[in-house]
Amino acid sequence: MKNADDTAIAILTWLANEPELMSRFLALTGTDPASLRSAIGEPGFMGGLVAFLMEHEPTLMAFCNETQTSPEEVVRAHQVLSGPRDFED
């Protein structure tokens, strides 16, 4: 089991190989490619990476399938980095 930061880094690595999703993430967060390196490790940025997946189930499942990460692991990382939140179906 990865810790929350490792999961967030895995998400970023995966996004780097998904140009359309990476562009969408950057646009939603207002981050530019040049500032990615300095943003890594900042709790808000790391939480944003995980939240990006949590907000779109097909993207979450694509990440999980391609990286052999369980959705529960992503949920745990989200709770650690963003705090617990009530999700409604």
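Q: Which exposed residues sit on the face of helix 5 turned away from its buried side?
A: That face carries Glu57, Pro58, Asn65 and Glu66. "Exposed" means over 50% relative accessible area, "buried" means under 20%, and "partly exposed" is in between, using a 1.4 Å probe and protein chains only. Bear in mind that this is a predicted model: local features need pLDDT of at least 70, side-chain atom pairs count only at pLDDT 80 or more, and totals for chains, interfaces and linings use all residues. Residues are numbered from 1 along each chain as its sequence is written, and side-chain values use heavy atoms, with hydrogens and water left out.

Q: What makes the buried residues of helix 5 line one face of the helix?
A: The buried ones are Thr59, Leu60, Phe63 and Cys64. Looking down the axis of helix 5, they fall within an arc of 135°, so they line one face. The arc is that of the directions from the helix axis to the C-beta atoms. Here's the general idea: an α-helix has 3.6 residues a turn, so residues three or four places apart point the same way.

Q: Which helices do the buried residues of helix 5 pack against?
A: They pack against helix 1, helix 2 (19-29), helix 4 and helix 6 (71-82). Just after helix 5 comes glutamine 68, with a positive phi near 55°.

Q: Why is threonine 59 called buried?
A: Its relative accessible area is 7%, which is under the 20% cut-off, so threonine 59 counts as buried. Threonine 59 lies in helix 5 (residues 57-67). Leaving aside neighbours within four places in sequence, threonine 59 is in contact (heavy atoms within 4.5 Å) with Trp14, Leu21, Phe52 and Leu53.

Q: Why does isoleucine 40 count as partly exposed?
A: Its relative accessibility is 36%, and that falls between 20% and 50%, so "partly exposed" is the right label. You'll find isoleucine 40 in the loop between helix 3 (36-39) and helix 4. Apart from neighbours within four places in sequence, isoleucine 40 touches Ile9, Leu12, Phe45 and Met46.

Q: How do you know whether alanine 51 is buried or exposed?
A: Alanine 51 has a relative accessible area of 13%; that is under 20%, so the residue is buried. Alanine 51 is part of helix 4. Its C-alpha is 9.1 Å from that of valine 74, though the two are 23 residues apart in sequence.

Q: At what angle do the axes of helix 1 and helix 4 cross?
A: The axes of helix 1 (residues 4-16) and helix 4 (residues 43-54) come within 9 Å and cross at roughly 65°. Axes are lines fitted to C-alpha atoms, for helices over the stretch in contact, with angles from 0 to 180 degrees between N-to-C directions. The residues of this contact split into twelve nonpolar, no polar and one charged. Ala, Val, Leu, Ile, Met, Phe, Trp, Tyr, Cys and Pro count as nonpolar, Asp, Glu, Lys and Arg as charged, and the others, Gly among them, as polar.

Q: How many helices and strands does the protein have?
A: Six helices and zero strands. Both are DSSP runs, numbered from the N terminus: helices are H or I with at least four residues, strands E with at least two.

Q: What makes the radius of gyration agree with a compact globule?
A: With 89 residues, a compact globule would come out near 12 Å, and the protein has 12 Å, so the two agree. The radius is taken over C-alpha atoms, and the globule rule is 2.2 Å times the number of residues to the power 0.38.
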